[in-house]
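Here is a colleague's note to read beside the picture. Take your time, and find each residue in the viewer as it comes up.

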Amino acid sequence: MNRLAYNIRDYVVECCECHYYYVEEHMTLRDVSREVCISKDSVRRRLESLKDIDRDMYEEYMTERRKRKNAK
């Protein structure tokens, strides 16, 4: 497998990890960023990119985001 394929795989794995911590564990973006060792803005970009990777995961992320926004 070439290097590009590894990079894509790693990116998708990071997206899934961010989704898990944000949606399933109900962590904040800051907590997720500490857990996966990337910046808070990168976590947000990974979660937004779920739109192109897995529509169901993206919808779960958006639902969780709306819940948090409405709770404040």
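The numbered points below go from the overall fold to single side chains.

1. **Start with the kind of model.** What you see is a predicted model. Please keep that in mind through every point that comes after.

2. **The overall fold.** How many helices and strands does the protein chain have? There are four helices and zero strands, and reading along the sequence gives the pattern α-α-α-α. Laid along the principal axes, the C-alpha atoms fill a box of roughly 45 × 25 × 20 Å. The radius of gyration is 12 Å, which agrees with the value near 11 Å for a compact globule of 72 residues.

3. **Inside and outside.** Of the 72 residues in the protein chain, 32% are buried. Contacts also reach along the chain: among those with a separation of 6 or more, 52% join residues 24 or more positions apart.

4. **The nonpolar core.** In soluble globular proteins, nonpolar side chains tend to be buried together. Here the largest nonpolar core has 16 residues, and those with the most contacts inside it are C18, Y22, V32, V36, V43, L47 and Y61. Which elements give two or more residues to this core? They are α1 (3–24), α2 (29–36), α3 (40–53) and α4 (55–71). The largest share, five residues, comes from α1.

5. **L47, a good place to zoom in.** Leaving aside residues up to four places away in sequence, L47 touches C18, H19, Y22, L29, Y58 and Y61. Try showing the side chains of this group together in your viewer. Several of these names will return in the next points.

6. **H19, a neighbour of L47.** Find H19 in helix α1. Is H19 buried or exposed? Its relative accessible area is 5%, so H19 is buried, since buried means under 20%. Beyond residues up to four places away in sequence, H19 touches E24, L47, L50, M57, E60 and Y61. For a sense of scale, the C-alpha atoms of H19 and V32 are separated by 9.0 Å, and these residues are 13 apart along the chain.

7. **The aromatic residues.** The count of aromatic pairs comes to three. In one of them, the ring centres of Y58 and Y61 are 6.1 Å apart and the planes are at 50 degrees, so this pair is tilted. The tilted label fits because planes under 30 degrees apart would count as stacked and planes over 60 as edge-to-face. Both Y58 and Y61 lie in helix α4, three residues apart, which is about one turn of the helix. Y58 and Y61 are both buried. Together with Y22, they form one aromatic cluster.

8. **A charge over a ring.** Now look at the face of Y22. R68 lies over this face, at 3.8 Å from the ring centre. Rotate the view until you look straight at the ring, and then find the arginine.

9. **Salt bridges, with two examples.** How many salt bridges does a search of the whole structure find? The search finds seven. One of them joins D10 to R9, with the closest N and O atoms 3.2 Å apart. D10 is partly exposed at 35% relative accessibility, and R9 is partly exposed at 44%. Another salt bridge links the side chains of D41 and R44, at 3.7 Å from N to O. D41 and R44 are three residues apart in helix α3, about one turn of the helix. D41 is partly exposed with a relative accessible area of 45%, and R44 is partly exposed with 36%.

10. **A small charged network.** The side chains of E64 and K67 meet in a salt bridge as well, at 3.9 Å from N to O. These two residues are three apart in helix α4, so about one helical turn separates them. Their surroundings make a nice contrast: E64 is buried, at 7% relative accessibility, whereas K67 is exposed, with a relative accessible area of 52%. Salt bridges that share partners join E64, K67 and R68 into one network. You have already met R68 in this note, lying over the face of Y22.

Methods:
Residues numbered from 1 in each chain as written. Predicted model: local features only at pLDDT ≥ 70, side-chain atom pairs only at ≥ 80, totals over all residues. Heavy atoms only, no water. Core = buried A, V, L, I, M, F, W, Y, C linked by side-chain atoms within 4.5 Å. Buried < 20%, exposed > 50% of the residue type's maximum accessible area, 1.4 Å probe, protein only. Contact = heavy atoms within 4.5 Å. Phe/Tyr/Trp six-rings, centres within 6.5 Å; stacked < 30°, edge-to-face > 60°. Lys NZ or Arg CZ within 6 Å of the ring centre and 35° of its normal. Salt bridge = Lys/Arg side-chain N within 4 Å of Asp/Glu carboxyl O. Rg over C-alpha atoms; globule rule 2.2 N^0.38 Å.
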